[in-house]
Amino acid sequence: MEKLLQVDDLRTWFRTSRGIVKAVDGVSFDVAPGKTRAIVGESGCGKSITALSILQLVPEPAGYIESGKIHFGGEDILERSWTDMRGLRGREIAMIFQEPMTSLNPTRTIGWQLSEAMTVHGKDAPAARARALELLERVGLRDPNAALRQYPHELSGGMRQRVMIAIALANRPKLLIADEPTTALDVTVQAQIMSLIKELQDELGMAMLLITHDLGIVSEVAHDVSVMYAGQVVEAAPTRDLFHDPRHPYTQGLFASLPARNRRGKDLMTLDGIVPDAANWPTGCRFAERCAHRLDACSAPPALHGSGTHRQVRCHLPSAMEVTK
Amino acid sequence: MSPTLLHLLYNLSPLALIGVAVVIFLRARQTPLWGEAFRRLARNPSARVAMAVIGIYATIGIADSVGWYDATTQERRTVIDAIFERKPERTYSAPLAEMTTGEAKPQKIREKHILGTDSIGADVFYRTLKGVRTAFQIGGMTVLIVTPLALLLGLTAGYYGKWRDDVITYIYTVLSSVPGILLQIAMVLVLGKGIIQICLALGITRWVGLCRMVRGETIKHREREYVRSAKALGVTDMVILVRHILPNLLPVVIISTTLGFSNLVLSEAILSYLGVGVPDNVGSWGNMIDAARDELARDPVIWWNLTAATGAITGLALSLNLFGDALRDAVDPRLRS
């Protein structure tokens, strides 16, 4: 099947005083039209930077895309200039950020900001205004008419995230990048927001790239999962396969550290050690330090085995390589 | 056009100014930030006193801007002239005195002078009032030069960074290492004496502080999530700068402009005192102080000239500063130190 988004060997680096920080170091994945790909990993693994790289919004001047290809609808969008990217942002690819409290401009009304999302891409003001109201209704704001004239600080976090969703979906994008859309919200609100996103995704037939560290959300909404560790994808598979049979020791560790019914009463497992320094990745397997199944071979970098549609694992362990054959 | 009509048309400018101020105030009151700030200001007693004093000064300034053409003297007469101008005496007289001082043979004076008269017998109270309009003109016009310049350069340097930042930072670093007063004197000597010339001289040397602040704030806001979200929506840099970042900077800009205004009033006095200020035929507190230079050494001491001018300056500058501080607290209570 034709992929909507295909990221190949993306490297996004940062120049810092400690040297070059390779935050994203050879990441590949794809998203099929209408499907959801989750990127899972702990803080600092490079998942958010991957998302920002797609829109070419990596914080400048320190950050830059060193190499790689990002194909969207068949076109390599890294070839586009910053100005040309503008037509894509918000219209074809929209993004929801983690912090609904600060992602809205405090000095502008909700209606203004929602309309702007549309007028930027050529919609005339009255039409944008009308659609803004419609959108606010659709995302479930209690009093959409009043909300148009309200300022961000007058809304709760959950309501603000609903507004962010309305803004992101205003132009019916083909791809939604959701960067930890529920992390900053209360648990009860998280579920509401996630199901709203899912509902709207189905309604618009939109693909989604979901960045998260919450495996519970992944199991509910994602079709495919890529697990990132230390700037690389260490394992990728259809969600069901990955949850059923994680192969990479890091993925296994992630699952083992979740509370589960069959381990009731036991301590939660933790992964020992810390993520290595991004300015100075180990030459071999980046997870070797913390890995319980370490081999001699692990001092050499493991390749990502397997094909893109099924399972891919970056590990030297025979058990990991086996399933990929 | 007949001078009568022309001078009546002049009156439109102060009226337009009041209109603009009222419109801005009413629109600002609609926004939650300023609406709340105004309510806090109204509750703050020292802000109320400061606003009342500024209001009195402003009323005098405006009254001195509304006038008509006097056919007999062939000069413009303002409301202030009509009410407060007194017939000149021969020379100095103390406040409310009956006789002149400083003459071998003191003369009986013709009218009461609340603050006495100066060396050429002019009413000191009237001269003090005439300084109000000049102070506001210089403060206001300089602010109109400084603010756009500082905003333009500060926003550009802060948002785009790189070479633009380097160039702008370099310019203001150099400018701020030259003593401002020397530059101002040099500029007035080159451009000539006059209100507009002084405003230019003050404007060109005074934008650095505001520019530096705007640059810093812009750098801070550039990294905010809402700017990133706007970029993710495909909003252009120009629109982000003008319609997203600028409204967030307005509180600090307005506060620092208010505080800067009082500084400008003082600067005018200093320049006039140094003899490079406004022309002699324009009312000016600086000129009054300059003229009073030797008066404290006389016997009997001629203190009222200096006292009146200094008092007028202090009153305005103090209330502007109090108002600026109160405004800062009202806009963002967290800034209170």
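Helices (H or I, at least four residues) and strands (E, at least two) are DSSP runs, numbered from the N terminus. The model shown in these views is predicted: local features need pLDDT of at least 70, side-chain atom pairs count only at pLDDT 80 or more, and totals for chains, interfaces and linings use all residues. Residues are numbered from 1 along each chain as its sequence is written, while chains are lettered from A and ligands numbered from 1 in the order in which they are written.

**View 1. Overall fold of chain A.** Chain A has 11 helices and 12 strands. Its radius of gyration (taken over C-alpha atoms) is 21 Å, close to the 20 Å that the globule rule gives for 325 residues, so chain A is as compact as a globular protein of that length; the rule is 2.2 Å times the number of residues to the power 0.38. The C-alpha trace of chain A spans about 65 × 50 × 45 Å along its principal axes.

**View 2. An open sheet in chain A and the helix packed on it.** The sheet is built from 4 strands of chain A in the order β2-β1-β4-β5, with antiparallel pairing, where two strands pair if DSSP finds at least two bridges between them. At its edges lie β2 (19–31) and β5 (75–76) of chain A, each of which pairs on one side only. Within the sheet, β1 (residues 5–16) and β4 (residues 63–72) of chain A are joined in the antiparallel sense over 8 bridges, and A:Q6 stands opposite A:H71 in β4(A). Helix α1 (residues 47–54) of chain A packs on the sheet, touching β1, β2 and β4 of chain A, and its direction makes about 70 degrees with that of β2(A); axes are lines fitted to C-alpha atoms, for helices over the stretch in contact, and angles run from 0 to 180 degrees between N-to-C directions.

**View 3. The side of chain B that touches chain A.** The contact takes 18 residues from chain B and 23 residues from chain A, two residues being in contact if their C-beta atoms, placed from the backbone, lie within 7 Å. On the chain B side, α3 (32–43), α10 (225–232) and α11 (237–273) each supply at least two residues, and the largest share, 6 residues, comes from α10(B). The residues on this side of chain B divide into 7 nonpolar, 6 polar and 5 charged; Ala, Val, Leu, Ile, Met, Phe, Trp, Tyr, Cys and Pro count as nonpolar, Asp, Glu, Lys and Arg as charged, and the others, Gly among them, as polar.
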